[in-house]
Protein chains: 2
Amino acid sequence: MNTLLTAFSALSDATRFSIVEQLMQDGELPAGDLIEGRGMSGAAISRHLKVLRAAGLVQQRVQGSQRMYSIQTAGLRAIAEWTISKRQFWENSLDRLNDLIERENSWPN
Amino acid sequence: MNTLLTAFSALSDATRFSIVEQLMQDGELPAGDLIEGRGMSGAAISRHLKVLRAAGLVQQRVQGSQRMYSIQTAGLRAIAEWTISKRQFWENSLDRLNDLIERENSWPN
DNA sequence: CCTTTATTTAACAATAATGTTAAACAATGG
DNA sequence: CCATTGTTTAACATTATTGTTAAATAAAGG
């Protein structure tokens, strides 16, 4: 699978998305801190982290017996680049066809 | 599931992603045109379209016996807004921690 | 060394996603 | 009306995803 689709896939899971948000907020955290408060086993979180790593969304470094996790820019950048390249489709939301259809679909049939 | 995660999920499938790209390129197309060239049954594509619709990524209008599909801005916008709100994580890729870890991980151990 | 702490991997069960074919529907044209 | 065309839904099999617990690994401390 390509980078972009892998990133989308990784972020489509609520647990993984929340891990990414937490790392964005807090910077760098040991796996243990990412397990806490998620009502899920450490094993499950560990595997989510593996998926995020494979998607280039987080990175790991070893510090003693801990694995420190932090955001990696690659995955995000893939999404950002695609999003920006399709700017026209969300920037000017008031496009002709869009409007037409929105009006049609709201007709009381 | 919330809008953003649903959009990520919908786009994480290669077939659906390619449908979105085709509609971005071509504007509005009947379902039949979206089926062609994808080596998959019409039923399968129809269900992918349903997922894309539920995710606010495409919209449908009825024209005679055809269903015309086109891009809807809602889903895209959810992704764009999130991406932009996290700008700092992909814009300045040369952040301190990122660099440190990238160097560590490339050590020949 | 041996135990504890931190984290990952393996094996497995439950659920979700995806494709197939067949049947259902709806509009169109004889 | 009835057959045809365009598309969706249903039923089903296959494969993927996700969580669980138990076992494996690895560093740290006594």
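Which residue stands opposite L29(A) in β3(A)? The partner is Y69(A), and this pair is a good place to start a tour of the structure.

This is a predicted model, in which local features need pLDDT of at least 70, side-chain atom pairs count only at pLDDT 80 or more, and totals for chains, interfaces and linings use all residues. Residues are numbered from 1 along each chain as its sequence is written, chains are lettered from A and ligands numbered from 1 in the order in which they are written, and side-chain values use heavy atoms, with hydrogens and water left out.

**The sheets**

Helices (H or I, at least four residues) and strands (E, at least two) are DSSP runs, numbered from the N terminus. Two strands pair if DSSP finds at least two bridges between them. In chain A, three strands make an open sheet in the order β1-β3-β2, with antiparallel pairing. Strands β1 and β2 of chain A are at the edges with a single partner strand each, so one side of each has no neighbour in the sheet. On average, neighbouring strands here are turned by 30° against each other, direction ignored; axes are lines fitted to C-alpha atoms, for helices over the stretch in contact, and angles run from 0 to 180 degrees between N-to-C directions.

The antiparallel strands β1(A) and β3(A) (residues 66-71) are joined by three bridges. Helix α2(A) packs on the sheet, touching β1, β2 and β3 of chain A, and its direction makes about 90° with that of β3(A). Contact here means heavy atoms within 4.5 Å.

In chain B, six bridges join β2(B) to the antiparallel strand β3(B) (residues 66-71). One bridge pairs Q63(B) with Q66(B). The two strands form a hairpin with two residues between them, and G64(B) in the turn has a positive phi of about 60°.

**Salt bridges**

A salt bridge is a side-chain nitrogen of Lys or Arg within 4 Å of a carboxyl oxygen of Asp or Glu. There are four over all chains, including these:

| Pair | Closest N and O atoms |
|---|---|
| K86(B) and E21(A) | 3.0 Å |
| R61(A) and E28(A) | 2.5 Å |
| R61(B) and E28(B) | 2.5 Å |

What about their surroundings? Buried means under 20% relative accessible area, exposed over 50%, and partly exposed in between (1.4 Å probe, protein chains only). R61(A) is buried at 12% relative accessibility, and in chain B both R61(B) and E28(B) are buried. The salt bridge of K86(B) with E21(A) joins two chains, because K86(B) lies in the loop between α5 (73-85) and α6 (88-91) of chain B and E21(A) in helix α2 (residues 14-26) of chain A. K86(B) is buried at 16%, whereas E21(A) is partly exposed at 26%.

**Around DNA strand D**

A residue is near a molecule or strand if one of its heavy atoms lies within 4 Å of it. Of the 24 residues around DNA strand D, R47(A), H48(A), G32(B), S46(B) and Y69(B) come nearest. Sugar or phosphate accounts for 63% of the strand D atoms within 4 Å of the protein, and bases for the rest. Helix α4(B) gives the most to the surface near this strand, with five residues.

A polar contact is a pair of N or O atoms within 3.5 Å; within protein, one must be able to donate a hydrogen and the other to accept it, and residues adjacent in sequence count only if both atoms are side-chain atoms. Phosphate oxygens of strand D lie 3.1 Å from a polar side-chain atom of R16(A), 3.2 Å from a polar backbone atom of A31(B) and 3.0 Å from a side-chain N or O atom of Q60(B).
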